[in-house]
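The following paragraphs lead the reader through one protein chain, beginning with a group of charged side chains and moving outward from there. Please keep the structure in view while reading.

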Amino acid sequence: MKKWIALLVVALLALAGWIAAGPFLTINSIRTAVAEEDTAELAEHVDFVAVRRSLRAQVEDTLARKAGIDAQNNPLGAFALGLANQAAGGIVDALATPAGIGAVLQGRGLLHRLSGGGVDPDDGTAHVPPPDPLRDASYRFESPSRFTATVRNADGDPVVFVLTRNGLRWKLTDIRLPLAALIGP
């Protein structure tokens with residue numbers, strides 16, 4: 001009987017260890033995929049539907065705050081805000097792709113990435129991606145099924161990558177961009 005209890009305890013500890021190591025293994029896989037510019041591998045570790053939904057909500061909220069309550073109550077302002085949301089939706093759709101996520105992780109602009117992959121037309125040499133885009137990240141478990149990796153962008157604002165667990169598998173499901181910095185005081 002003691003052997004079965006010991007075996008059960010060892011199995012539970014191994015399972016807990018696997019769950020605790022899961023987000024770090026996923027981040028390592030994302031790092032490798034970004035460094036090798038392997039979009040198929042990156043797609044294995046990112047839930048693009050969830051990322052797209054989250055980014056759209058962030059952009060729409062930022063635009064609404066920037067426009068203010070007066071613009072939202074004005075019919076012409078509400079129409080302009082709707083147009084801005086549609087335009088921003090196209091940008092979000094381009095960002096929530098393997099190339100867009102790779103550009104964010106490499107710290108490069110999305111348009112620069114999509115317009116030539118960082119190739120300088122003058123000398124034809126490829127842009128060398130950063131050696132480790134998540135090198136200075138701070139990691140934190142928010143719950144047993146939610147994990148964050150926070151890095152600072154060039155302006156020092158936090159960019160938070162959120163991984164969530166589904167069963168034993170972890171995926172990137174949210175990117176919290178520092179859009180609030182655009183609003184101002």
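A network of salt bridges links Arg140, Glu142, Arg146, Asp174 and Arg176. The model in which this network appears is a predicted one. As a general principle, side chains of opposite charge can pair when their charged atoms come close. Two pairs from the network may be examined in turn.

In the first pair, arginine 176 forms a salt bridge with glutamate 142, and the closest N and O atoms lie 3.8 Å apart. This pair links distant parts of the chain: arginine 176 belongs to strand 4 and glutamate 142 to strand 1 (residues 138-143), with their positions 34 residues apart in the numbering. Arginine 176 counts as partly exposed because its relative accessible area is 29%, a value between the limits of 20% and 50%. Glutamate 142 has a relative accessibility of 31% and therefore also counts as partly exposed.

In the second pair, arginine 176 forms a salt bridge with aspartate 174, where the closest N and O atoms are 3.7 Å apart. Is aspartate 174 buried or exposed? Aspartate 174 has a relative accessibility of 12%, so it counts as buried.

Strand 1, which holds glutamate 142, has a partner of its own. Strand 1 and strand 2 (residues 146-152) pair in the antiparallel sense over 5 bridges. The connection between these two strands is a hairpin of 2 residues. Serine 143 has arginine 146, in strand 2, as its bridge partner. Arginine 146 is also one of the members of the salt-bridge network.

The search may now be widened. How many salt bridges does the whole structure contain? A search of the whole structure finds 5. Among the salt bridges is a contact between the side chains of arginine 169 and glutamate 44, at 4.0 Å from N to O. Here again distant parts of the chain are linked: arginine 169 lies in strand 4 (residues 169-176) and glutamate 44 in helix 2 (residues 39-44), 125 residues apart. Arginine 169 counts as partly exposed because its relative accessibility is 42%. Glutamate 44 is partly exposed as well, since its relative accessible area is 43%.

Beyond strand 4, the chain enters a loop that leads to helix 7 (180-183), and leucine 177 lies in this loop. Leucine 177 has a relative accessible area of 23% and so is partly exposed. Leaving aside residues up to four places away in sequence, leucine 177 touches Leu55, Gln58, Leu95 and Val159. Leucine 177 and valine 160 are 17 residues apart in sequence, while their C-alpha atoms are 6.8 Å apart in space.

Which atom of leucine 177 does the side chain of glutamine 58 reach? The side chain of glutamine 58 reaches the backbone nitrogen of leucine 177, at 3.0 Å. Glutamine 58 lies in helix 3 (residues 48-73). Glutamine 58 counts as buried because its relative accessibility is 17%, which is under the limit of 20%. Its contacts, again without residues up to four places away in sequence, are Asp174, Ile175, Arg176, Leu177 and Leu179. Glutamine 58 thus touches two members of the salt-bridge network, Asp174 and Arg176.

A further feature is found on the surface. Leu8, Leu12, Leu15, Trp18, Leu25 and Leu168 form a nonpolar patch there, and together they have about 600 Å² of accessible area. One of these residues, tryptophan 18, lies in helix 1 (residues 2-35). Tryptophan 18 has a relative accessibility of 47% and therefore counts as partly exposed.

These details can finally be placed within the chain as a whole. The secondary structure comes to 7 helices and 4 strands. From the N terminus on, the elements run α-α-α-α-α-α-β-β-β-β-α. Of the 185 residues, 30% count as buried. The chain exposes about 11,200 Å², of which carbon and sulfur atoms supply 62%. Among contacts between residues at least 6 apart in sequence, 50% join residues at least 24 apart. The salt bridge between arginine 169 and glutamate 44 has already shown how residues 125 places apart in the chain can be linked.

Conventions: Residues numbered from 1 in each chain as written. Predicted model: local features only at pLDDT ≥ 70, side-chain atom pairs only at ≥ 80, totals over all residues. Heavy atoms only, no water. Buried < 20%, exposed > 50% of the residue type's maximum accessible area, 1.4 Å probe, protein only. Polar contact = N/O pair within 3.5 Å; in protein donor to acceptor, adjacent residues only side chain to side chain. Contact = heavy atoms within 4.5 Å. Patch = residues over 30% accessible without salt bridge, like charges linked within 9 Å, V, L, I, M, F, W, Y side chains within 5 Å. Areas by Shrake-Rupley, 256 points an atom, 1.4 Å probe, with all protein chains shown as cover. Pairing = 2+ DSSP bridges.
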